[in-house]
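Biologist: I have not looked at this one before. Can you walk me through it?
Modeller: Yes, here it is.

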Amino acid sequence: MEQVIAHILAELKKVDGPPDGSSLEVVLRVGALAVHSEAATRQAYEVLVQGTALAQSRLNLTIEPVTLTCVKCGYQGPLPEGAVDPHDLSPLVECPQCGAVSPVQGGRGVSGIELRWE
Ligand SMILES: [Zn+2]
């Protein structure tokens, strides 16, 4: 999260006539495995932006779900929060449809950072 804030602040410095903090919207897309929870991510953001140009900004946060694509039956769908251990580098889960063990996809890292203002 710290790298994300640092990145946004660096981007903001490149802008001519930086906008007022309160009109800033930070659009962030992160994988579910990259964060503990949406609430924790928002909290971290609030803390990290204090005293920066982003202090008054709004965070538009999207958590990208981890998805399962079953190799056996072809089932495809998002997994509920907590279904996968984020510390597991190649997590496997049981398919809810046929029970076969399949690798999960997605949910890692930051997939998008965007800065918007009016
Ligand atoms: Zn299956």
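Biologist: Which residue does Val 93 stand opposite in strand 6?
Modeller: Ser 102. Bear in mind that this is a predicted model.

Biologist: How many bridges join strand 5 and strand 6, and in what sense do they pair?
Modeller: Three bridges, and the pairing is antiparallel. The hairpin of these two strands has six residues between them, and Gly 99 in that hairpin takes a positive phi near 85°.

Biologist: What about strand 3 and strand 6, how do they pair?
Modeller: Strand 3 covers residues 67–69 and strand 6 covers residues 101–105; they pair in the antiparallel sense over two bridges. Thr 67 has Gln 105 in strand 6 as its bridge partner.

Biologist: In what order do the strands sit in the sheet?
Modeller: The order is 4-3-6-5, in an open sheet of four strands with antiparallel pairing. Strand 4 (76–78) and strand 5 (92–94) are the edge strands, each pairing on one side only. On average, neighbouring strands of this sheet are turned by 40° against each other, direction ignored.

Biologist: Now the metal. Which residues coordinate the zinc ion?
Modeller: Cys 70, Cys 73, Cys 95 and Cys 98, each through its SG atom, at 2.3 Å. Along the chain, the donors follow the spacing C-x2-C-x21-C-x2-C.

Biologist: Why is the arrangement around the zinc ion called tetrahedral?
Modeller: Because the angles subtended by the four donor atoms are 106 to 111°. For four tetrahedral donors, the ideal angle is 109.5 degrees.

Biologist: Is Cys 95 buried or exposed?
Modeller: Cys 95 is buried: its relative accessible area is 4%, and the cut-off for buried is under 20%. Cys 98 counts as partly exposed, at 32% relative accessibility.

Biologist: Switching to the helices. What does helix 1 span, end to end?
Modeller: Helix 1 takes in residues 2–14, which is 13 residues, and reaches 19 Å from its first C-alpha to its last. That is close to the 18 Å expected at 1.5 Å a residue.

Biologist: Which residues of helix 1 are buried?
Modeller: Val 4, Ile 5, Ile 8 and Leu 12. They lie on the same side of helix 1, because they cover an arc of only 95° around the axis.

Biologist: Why would residues at such spacings point the same way?
Modeller: An α-helix has 3.6 residues a turn, so residues three or four places apart point the same way.

Biologist: And what does the face of helix 1 turned away from its buried side carry?
Modeller: The exposed residues Glu 2, Gln 3, Lys 13 and Lys 14.

Biologist: Same questions for helix 2. How many residues does helix 2 have, and how far does it reach?
Modeller: Helix 2 has 12 residues and reaches 17 Å from first C-alpha to last, close to the 16 Å expected at 1.5 Å a residue. Its buried residues are Thr 41, Tyr 45 and Val 49. Seen down the axis of helix 2, these fall within an arc of 50°, so they line one face of the helix. Ala 39, Gln 43 and Val 47 are exposed on the other side.

Biologist: Where is Glu 46 found?
Modeller: In helix 2, which runs over residues 38–49. Glu 46 is partly exposed, with a relative accessible area of 45%.

Biologist: What separates the C-alpha atoms of Glu 46 and Met 1?
Modeller: They are separated by 11 Å, and the two residues are 45 residues apart along the chain.

How values were computed:
Residues numbered from 1 in each chain as written. Predicted model: local features only at pLDDT ≥ 70, side-chain atom pairs only at ≥ 80, totals over all residues. Heavy atoms only, no water. Donors = N, O, S within 2.8 Å, 3.2 Å for Na, K, Ca; no water. Tetrahedral: all angles 85-135°; square planar, octahedral: opposite > 155°, others 65-115°. Buried < 20%, exposed > 50% of the residue type's maximum accessible area, 1.4 Å probe, protein only. Pairing = 2+ DSSP bridges. Axes fitted to C-alpha atoms, helices over the stretch in contact; angles between N-to-C directions. Expected span 1.5 Å × (residues − 1). Arc of directions from axis to C-beta.
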